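Here's a quick look at how a pair of helices pack, plus a stop at one loop residue. Have the model open as you read.

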Amino acid sequence: MQMRIEEVLTAVGTGVWRWDTGSGEVRMNTETARLMGMPPDRTRTSSADVRSRLHMLDYVELRGLFDLARAEDTVHEAILRVVDSSGQVLRTVRARWRHVPGDPRTFAGTLQELIEPLPGSTAGTSPPPPLAGDWRLSREAFLLDAGRALAEARSTDEVLRVAASLAMPGFTPDGMAVFGVEGDELKLIGHHGYTEADAEAFHGIELAGDYPGAVAVRTGRAIYIPGPEEYERRFPEAWHYASRLGRRSWAYLPLTTGGKTTGTWMAAFSHAALFTPDERSVLTTVARMLGAALSRAHVHESERELSAGLQRTMMPATTPDIPGLTVAARYVPTGGGLDIGGDWYDVINLPNGNTALVIGDVQGHDVRAAGLMSQLRIALRAYAAEGHHPDAVLARTSRFLHGINQNEPDLPDDDARRFATCLYLEADPRDGTLTIARAGHLDPAIGLGDGTMVVRPTEGGLPLGIVPDPDYPVTELRLEHGETLLLCSDGLVETGGHDLDTGRRRIREVFAAHADEDLESLADALIDAVSGVHAHEHPGPHAERREDDIALILLGRDGVRPATREEHGGRYLHLTVRQDEQQRVADARHELRGMLHDWGTPDQVDSAELVLSELIANVLVHTDGDARIRADITGPPHARTLRVAVDDSDDELPHRRHPGELASSGRGVLLLEALSGSWGVEPRGDGKSIWFEVYESGEEP
């Protein structure tokens, strides 16, 4: 029985991880996520999150050992304590790592749980594990690490987790609350070390009231209370609530941003704290960093909320019901920055009863790309609603974008002229005819009934916006019952460091595994394979490429779906190469190779490609007509038959010739006899059909 690598690692209790110290991104498998106390499906996080789950001293030592491992170019290891949100040690783990060759900022390693726990139980009191280095860390080292951890936190929750895990040198608060100013009240943002029932005392605090946190906000000065007696004397009204929470010392520090007080941080201690000048200096510095981190997190969350709203307005809210067709679509922002970029899709009901499918990608991943995408989507919808043919819709949209580029002279040259790729498809639900115009975009792919997905080459023109009056040739395909059409942006193919070949191979594998499922489930499977929790486990050959947005549309024809793949019928290819389209010979070869992706004998695939090229070339060179190609695969696995026929309008039959060594032609029949299992010629009323067969088993069935 063959086991997946993930299953083997889980069985032996070994996690693997990859940490980019430059970007702060940490990737891991499910076992590492479990050991770190994370949900098993969370295999991508930030260094701030990891830092909040490790003992403070362990984390500082770990970052120092990263530098040592980079300098020495050797494998290093450390014993680390994983803690929960209350500081309790969950488990002790051993980490081993070294930096990735060619990338000194990135480290990769393993993680295993130690059976024997270290003495101690809490992050504030347990002795350090036997790691190399001096554990008597200075306060300066603590503040440097705290500042780095807070700077890496991107959300309010991450900021609070980091603040809760701060193990201050010599004195560590075991209770914490962060408040923000909202109107005339202090609003609780988060707390640590208190139950939800205890935290009720932190709600409804009036800014004008006699509460130490409110006083700290009003005056902008920190308040230190070393004992219960002083708390009761100075704030009797607040003491009525604070006395129930079991703390003995408190510090209330204002949170400031840009010279404005925006809230307060309460640090509470179960033991008596003297609040020496050194300790007050540490608390004040942490409060300043905490205020700045919360401000950055608020800005980041506001941007995410804004981009989510933009996405909702720029994409179709729902996919329209189309009699005779089933559509599933997805958009996934993955490129960083704003959670929306230049990728888009659309589904449009046309006046003639047909349906238009649109997928496109505006150059760039920024606010301007998103704005141009919205303008193009609206313009293209308007041209489609007027009833224009697909080529005319793209031509008008290109002219529209070219005009925008010409009318923005104030922008830098490299930013003013943006282009966009786009594929516009008009589907006839009655017979499955697909009329396609393509502006520099990826070709469509069709999933056949037996679980095979092949790319269907189509004619295309320049991307939108390059020239004012482009020409977009049209290609017609036919979608049969039981087949699935895939339109996608390059993010679905290339995310994860893949190129066109490896990315399409990944898509074919996913389709083969989920071909019997409905389109919604298939769409989810494709997205999960490219950007899900396990996607990073199978990187492509170009790992340095950044990730990109993903847009995809799946289209199928309604009707009775066959119960099994065998009832769908075999794979087939229908293609015409015209006299003025000799470049499409390569498309025919690639499409034939796609049909034979799982053929048992690779040499036969090469032979079939060579014979097909020869037959097409004969038509284009020796006749005035077009080459019409038909190919299909029949038979059970490992004993299949490939039959390829090339039709033309010439009546002259091929005959054997005996070319010399230097002759440039005359070897067509020799190639047919040498490379095919069998071949023949069938005269037709309007020409002839030359066919050949290749047998996977090597013998004619």
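## Two helices crossing

The crossing of α17 and α18 is right-handed. By class, 8 nonpolar, 1 polar and 4 charged residues make up the contact of α17 with α18. Keep in mind that this is a predicted model.

Packed helix pairs get described by two things, the angle between the axes and the distance between them. Here, the axes of α17 (residues 584-595) and α18 (residues 602-622) come within 10 Å and cross at roughly 150°. Angles over 145 degrees count as roughly antiparallel, so that's what α17 is to α18.

## Who touches whom

On the α17 side, the residues to click on are Val-585, Ala-588, Arg-589, Leu-592 and Arg-593. They meet a set in α18 that includes Val-605, Asp-606, Ala-608, Leu-612, Ile-616 and Leu-620.

## A closer look at α18

Does the length of α18 add up? What span should its 21 residues have at 1.5 Å a residue? They should span 30 Å, and the end C-alpha atoms are 31 Å apart, which agrees.

Plenty of α18 is tucked away: among its buried residues are Gln-604, Val-605, Ala-608, Val-611, Leu-612, Leu-615, Ile-616 and Val-619. The buried residues of α18 pack against α17 and α19 (668-675), and also against the strands β23 (572-577), β24 (627-634), β25 (641-648) and β27 (687-695).

## One loop residue

Between β24 and β25 there's a loop that holds His-638. Its phi is near 70°, a positive value in a residue other than glycine. Is His-638 buried or exposed? His-638 counts as exposed, because its relative accessibility is 65%.

Key. Residues numbered from 1 in each chain as written. Predicted model: local features only at pLDDT ≥ 70, side-chain atom pairs only at ≥ 80, totals over all residues. Heavy atoms only, no water. Axes fitted to C-alpha atoms, helices over the stretch in contact; angles between N-to-C directions. Helix = DSSP H or I, 4+ residues; strand = E, 2+ residues; numbered from the N terminus. Parallel < 35°, antiparallel > 145°, perpendicular 65-115°, else oblique. Left-handed = near helix turned anticlockwise from the far one by under 90°. Contact = heavy atoms within 4.5 Å. Nonpolar A, V, L, I, M, F, W, Y, C, P; charged D, E, K, R; others polar. Expected span 1.5 Å × (residues − 1). Buried < 20%, exposed > 50% of the residue type's maximum accessible area, 1.4 Å probe, protein only.
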